[in-house]
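Let's take a walk through this one together, starting with a single pair of side chains and then stepping back to the whole chain. Have the view ready to rotate.

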Amino acid sequence: MHGFSCHQCGSDGYKVFAVVDASGNWSKMATDLTIARIIQAGVIPIDTLAVISELQETWNRPDAAEFANLYADFPMPEYRLLIESYDKAQAVQEAKS
């Protein structure tokens, strides 16, 4: 984790977010200490899922399926089950029509 970079950017007046699960560290304790230190400096810790969600903004967009696959491929593999369930429900509805 880049605690010192976060501190400097915050000191320079930027609103700083740290993607904590995208940063490597040698131990859980080192990660916990780093997170505590950056929070004290006003940095907002977030995770990869939050970043993707912020970039996506809404499901009402042409590339929504690409975001769904991104969720299923990386931060939430179990999301693939929801996609499959939705696809099956859509197929059943179409068959009734």
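Which kind of link do the side chains of D73 and R80 meet in? They meet in a salt bridge, with N to O at 2.7 Å. Keep in mind as you look that this is a predicted model. The two partners sit differently with respect to the surface: D73 counts as exposed, at 58% relative accessibility, while R80 is partly exposed, with a relative accessible area of 27%.

That pair has company, since a search of the whole structure turns up 3 salt bridges. Go back along the chain to helix 2, which covers residues 28-40. Here D32 and K28 pair up through their side chains, at 3.0 Å from N to O. How are these two placed along the helix? They are 4 residues apart in helix 2, so about one helical turn separates them. K28 is the exposed partner, at 63% relative accessibility, and D32 counts as partly exposed at 38%.

The remaining bridge to visit joins D63 and R61, whose closest N and O atoms are 2.5 Å apart. Both ends are partly exposed: D63 has a relative accessible area of 22%, and R61 has 26%.

R61 also leads us to another residue worth a look, Q56. You'll find Q56 in helix 3, which runs over residues 48-56. Is Q56 buried or exposed? It is buried, with a relative accessible area of just 3%, and the cut-off for buried is under 20%. Leaving aside neighbours within four places in sequence, Q56 is in contact with R61, F67 and Y71. So R61 has a part in two stories here, because R61 touches Q56 and also forms the salt bridge with D63.

Now move along to E57, and the picture changes. E57 belongs to the loop between helix 3 and helix 4, the latter being residues 64-73. Where Q56 is buried, E57 counts as exposed, at 71% relative accessibility. The backbone is worth a glance too: phi of E57 is near 70°, which is a positive value in a residue other than glycine.

Time to zoom out. The chain has 5 helices and 2 strands, and reading along the sequence you meet them in the pattern α-β-α-β-α-α-α. How spread out is the chain? Its radius of gyration is 19 Å, well over the 13 Å that the globule rule gives for 97 residues, so the chain is more spread out than a compact globule. You can get a feel for this from the C-alpha trace, which spans about 60 × 30 × 15 Å along its principal axes.

What about the inside and the outside? Of the 97 residues, 23% count as buried. The chain exposes about 7,200 Å², and carbon and sulfur atoms supply 58% of that area. Contacts also reach along the sequence: among those with a separation of 6 or more, 49% are between residues 24 or more positions apart.

Finally, back to charge, where we began. The chain carries 7 positive and 13 negative side chains. How far apart do the centres of the two sets lie? They lie 4 Å apart.

How values were computed: Residues are numbered from 1 along each chain as its sequence is written. This is a predicted model: local features need pLDDT of at least 70, side-chain atom pairs count only at pLDDT 80 or more; totals for chains, interfaces and linings use all residues. Side-chain values use heavy atoms; hydrogens and water are left out. The radius of gyration is taken over C-alpha atoms; the globule rule is 2.2 Å times the number of residues to the power 0.38. Buried means under 20% relative accessible area, exposed over 50%, partly exposed in between (1.4 Å probe, protein chains only). Contact means heavy atoms within 4.5 Å. Accessible areas come from the Shrake-Rupley method with a 1.4 Å probe; for residues, only the protein chains shown count as cover. Lys and Arg count as positive and Asp and Glu as negative; His and the chain ends are not counted. The place of a charge is taken as NZ of Lys, CZ of Arg, CG of Asp or CD of Glu. A salt bridge is a side-chain nitrogen of Lys or Arg within 4 Å of a carboxyl oxygen of Asp or Glu.
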